[in-house]
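Here is a briefing for a first look. Keep the sequence and the structure in view as you read.

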Amino acid sequence: MKVQKMMKKLSVCIILFYVVSHFCLGRQNNGPVDKGIWKAAYDLYKEQSITHRRFKHKDILPLIEKRQFGDVYRVTKLGSSIEARDIYQLGYGQGDIKVLLWSQMHGNESTATMALFDLFNFLEAGDDEFESIRQTIREKLDLRFIPMVNPDGAEAFIRRNALDIDLNRDAIQLTSPESVILRKAREDFGPDFGFNLHDQQIYYNVERTPKPATISVLAPAFNYETEINDVRRRALQVIVGMNGLLQEIIPGHVGKYDDGFEPRAFGDNFQRWGTSAILIESGGYPGDPEKQYIRELNFIIILNALYEIAQASYTQYEVADYFAIPDNDSKLMDVMLRNVTIKRDDLEYMVDLGIRRREIEGEEGYYTESSIIDIGDLSVYYGYDEIDAEGYVMKEGKVYEKELNALPSYEETMDMLKKGYLWLRVKTVNNSIHQLPINIFQSTGDLKAGAKLGSKANFLLEKEGMVHYAIINGYLIDLRSPKDQNIQLKIQ
Ligand SMILES: [Zn+2]
């Protein structure tokens, strides 16, 4: 308790320091705010009820409903999804510059939705160190937020809606009610700026670097010629400001998305219809499987961008600096093993192996399955987990001889791995998903191991007769110093 109090005092001091230094050192109303101020705001106003990226529509409903009768937000029900989940809009501010922000039109892309609820907490607070920022936003901007455009997709944690339609290819055809809602929200409002908030695969890297593209940006094209008019220029400039801030926080982790024109997409059409459209894609960051750090980054760059729009400080940025942002690439693997020796019959050769895992939504939660994506010279690829396995020989794992009555402990599992066991039969289990670094099966599951392209990654790496690494369905386990990882495997 005492420690907590001290921490609180300390954080208030830090915030005061930032605010005082910011406003007294003459950077007022002129360009981006120091990142420390936004960080302090996030720490204070983060929405505590959302803690992971698989939250559902029912989790955000109370957060919207409680604001329905307050005097800060103008809450409007815009309509319902195919499966009758209500889609809401929250309005804020009385300014002349109209900004529309919408998130999660792809149901499994939830990072920015979390950040929007953090923003709602921030914007409705008052009487604190941030009040002048808030006041500027309120007086200059007319904001409308639509969090979770695709609640049915969010429910199943899939990209598409309940009709299996990709809403971001439905901006013209308007087959889905969710697309109609978003299109109408734009037409009714006529926003000057639009923030189109998505997630991208964690395998995107910043070109020719091992760094994940934690945030990717795009000012979508409005025609095939990818021309720049005043509308698109404003979006490009806002992005330059966002990138400047991000480079201070996560240097080298920002990639520019391909600006090929997609005539069916919302972002491209917003730009065409006269709204400066800004696409933010949340990718991956090492050690952040639930994307809580990336959520914080979203909060920071969106709030900063709104403040820059409110002050028109984004107009100082050069369009050329947008095009200097490196491109996205897709060269990341979950696990990259370099220079592994494989012995097959009389052959012995050395290769790199790239492994990715994919998440599958199950009845009792999600689990992952791995695949060997590529074999050979993978020097242009990178891994979240990466080892130089020179001198290591790939070995097949064994099935544990005894059937166990229940799941082993973590320590027992590690002992089995060290002895070369990768599979284990268990009689009774409570849940079909487990977190142990071993393959568990109840039936005579598929135990095919090895280094076949496209197969599941299950094998050992041995050096001088000692097993140092186990690869368990795409998870790399260093047996000498195992690290904490978020293992989710299905019992077969
Ligand atoms: Zn998306």
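Glu359 and Arg54 form a salt bridge in this predicted model. Their closest N and O atoms are 2.8 Å apart. Three salt bridges are found across the interface of domain 1 and domain 2.

**The two domains**

- The domain assignment splits the protein chain into domain 1, residues 2-329, and domain 2, residues 332-490.
- Arg54 falls within the bounds of domain 1, and Glu359 within those of domain 2.
- The C-alpha centres of the two domains lie 37 Å apart.

**The interface between them**

- On the domain 1 side, 17 residues make contact with domain 2. On the domain 2 side, eleven residues take part.
- Together the domains bury about 1100 Å². Carbon and sulfur atoms account for 51% of that area.
- Which three residues supply 50% of the area that domain 1 buries against domain 2? They are Arg54, Tyr203 and Pro210, and no other three residues supply more.
- Arg54 thus appears twice: in the salt bridge with Glu359, and among the three residues that supply 50% of the area buried by domain 1.
- Eight residue pairs are in polar contact across the interface, with both residues at pLDDT 80 or more.
- The side of domain 1 that touches domain 2 has ten nonpolar residues, three polar ones and four charged ones.

**The zinc site**

- Which residues coordinate the zinc ion? They are His106, Glu109 and His198.
- Each histidine binds through ND1, while Glu109 supplies two OE donors. The distances run from 2.0 to 2.7 Å.
- In sequence, the donor residues follow the spacing H-x2-E-x88-H.
- Why is the arrangement irregular? The four donor atoms subtend angles of 53 to 150° around the zinc ion, whereas a tetrahedral site needs all angles between 85 and 135 degrees.

Key:
Residues are numbered from 1 along each chain as its sequence is written. This is a predicted model: local features need pLDDT of at least 70, side-chain atom pairs count only at pLDDT 80 or more; totals for chains, interfaces and linings use all residues. Side-chain values use heavy atoms; hydrogens and water are left out. Domain bounds come from an automatic or database domain assignment. Contact means heavy atoms within 4.5 Å. Buried area is the accessible area (1.4 Å probe) that two parts lose on being put together, summed over both. A salt bridge is a side-chain nitrogen of Lys or Arg within 4 Å of a carboxyl oxygen of Asp or Glu. A polar contact is a pair of N or O atoms within 3.5 Å; within protein, one must be able to donate a hydrogen and the other to accept it, and residues adjacent in sequence count only if both atoms are side-chain atoms. Ala, Val, Leu, Ile, Met, Phe, Trp, Tyr, Cys and Pro count as nonpolar, Asp, Glu, Lys and Arg as charged, and the others, Gly among them, as polar. Donors are N, O and S atoms within 2.8 Å of the metal (3.2 Å for Na, K and Ca); water is not among the atoms, so sites may look incomplete. Four donors count as tetrahedral if all angles lie between 85 and 135 degrees; four count as square planar and six as octahedral if opposite donors are over 155 degrees apart and all others between 65 and 115; anything else is irregular.
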